[in-house]
Amino acid sequence: MQSFMRSVVKSSFRTDGVICIAETSLATRFAQETFGKQYKQTIGLDFYLKRIILPGNLNVTLQVWDVGGQTIGGKMLDKYIYGAQGILLVYDITNCQSFENLEDWYNAVKKVTEESEMQPLVALVGNKIDLEHMRTVKVDKHQRFCQENNFSSHFVSAKTGDSVFLCFQRIAADILGIKLNKAEMEQSQHVVRAEIVNYPEEDNQHHNTSSCQSKVCSMQ
């Protein structure tokens, strides 16, 4: 099962906090500030907690649920979704199929929530913006899907952490009816570190050309 199949994030605000269901890499980057390079499929459900502070010194606890991709056809999906106040649909911007699969996920969400008095906030999250040069899902396609279904729009990188915290912060604030100003959103942006890659010297026969090489800053 591809990792993009784990593409639902459930975020439910209750008196004691927020419940979210997320793709593994996004959930662990947000809750634990880590990124696992090796893919490990989620079987069933993983659970995380994260406390954040919103403007007005409001403490909010988020419960992050990582749902396995096979869950979309399982009997427990409605239990995970029911009562949620926020749903994040996450896809890989370098994988068109992961974007197309979101239609099935959203249909499953609508089926569970159609009779609910309180409809959840739904956010569309494009992951892997660190691989922008490999993008296959165009931004305008992302934005059109958001406009057609009244989703909030987010782009993140679980690998570098770029905009991950801001994504969850914005969703939490939207659900609670709190408006974030530009300064507050900029404070939530983590610094993305770049690794300096030193390329080896060429063979002696190419010494003249290799001596002109410079170091390259590679974004990881």
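A residue is called buried when its relative accessible area is under 20%, exposed when over 50%, and partly exposed in between, with a 1.4 Å probe and protein chains only. The model on screen is predicted, so local features need pLDDT of at least 70 and side-chain atom pairs count only at pLDDT 80 or more, while totals for chains, interfaces and linings use all residues. Residues are numbered from 1 along each chain as its sequence is written, and side-chain values use heavy atoms, with hydrogens and water left out.

**The whole chain**

Begin with the cartoon view, where the protein shows eight helices and nine strands; these are DSSP runs numbered from the N terminus, helices being H or I over at least four residues and strands E over at least two. Of the 220 residues, 44% count as buried. Turning on the surface shows about 12,600 Å² exposed, of which carbon and sulfur atoms supply 49%; such areas come from the Shrake-Rupley method with a 1.4 Å probe, and for residues only the protein chains shown count as cover. A contact means heavy atoms within 4.5 Å, and among contacts between residues at least 6 apart in sequence, 65% join residues at least 24 apart.

**The largest core**

Next select Leu26, Phe30, Ile52, Leu54, Leu88, Val125 and Phe168, which have the most contacts inside the largest nonpolar core, a set of 23 residues. A nonpolar core is here a set of buried Ala, Val, Leu, Ile, Met, Phe, Trp, Tyr and Cys residues joined through side-chain atoms within 4.5 Å. At least two residues of this core come from each of α1 (24-32), β3 (45-54), β4 (58-67), β5 (86-92), β6 (121-127) and α6 (164-176), and α6 gives the most, with six residues. Centre the view on Phe30, and, leaving aside residues up to four places away in sequence, you will find that Phe30 touches Lys50, Ile52, Leu62, Val64, Val164, Phe165 and Phe168. Apart from this core lies another, of 20 residues, including Ala84, Ile87, Trp105 and Phe145.

**Helix α5 and two cysteines**

Move to α5 (residues 139-149), and colour His142, Phe145 and Cys146, which are buried. They lie on the same side of α5, because they cover an arc of only 100 degrees around the axis, the arc being that of the directions from the helix axis to the C-beta atoms. On the other side of α5, Gln147 and Glu148 are exposed. The buried residues of α5 pack against β5, α3 (96-100), α4 (102-113), β6 and β7 (152-155). Just after α5, stop at Asn150, which takes a positive phi of about 60 degrees.

Compare two cysteines while you are here: Cys146 is buried, with a relative accessible area of 4%, whereas Cys96 counts as partly exposed at 36%. If a disulfide is a pair of cysteine sulfur atoms within 2.5 Å, the count comes to zero.

**Ser157 and Arg29**

Finally, select Ser157 in the loop between β7 and α6, a residue that is buried with a relative accessible area of 0%. The side chain of Ser157 makes a polar contact with the side chain of Thr160 (3.1 Å); a polar contact is a pair of N or O atoms within 3.5 Å, where within protein one must be able to donate a hydrogen and the other to accept it, and residues adjacent in sequence count only if both atoms are side-chain atoms. Arg29, in helix α1, is 128 residues from Ser157 in sequence and 9.1 Å away in space, C-alpha to C-alpha. The side chain of Arg29 reaches the backbone oxygen of Ala158 at 2.8 Å.
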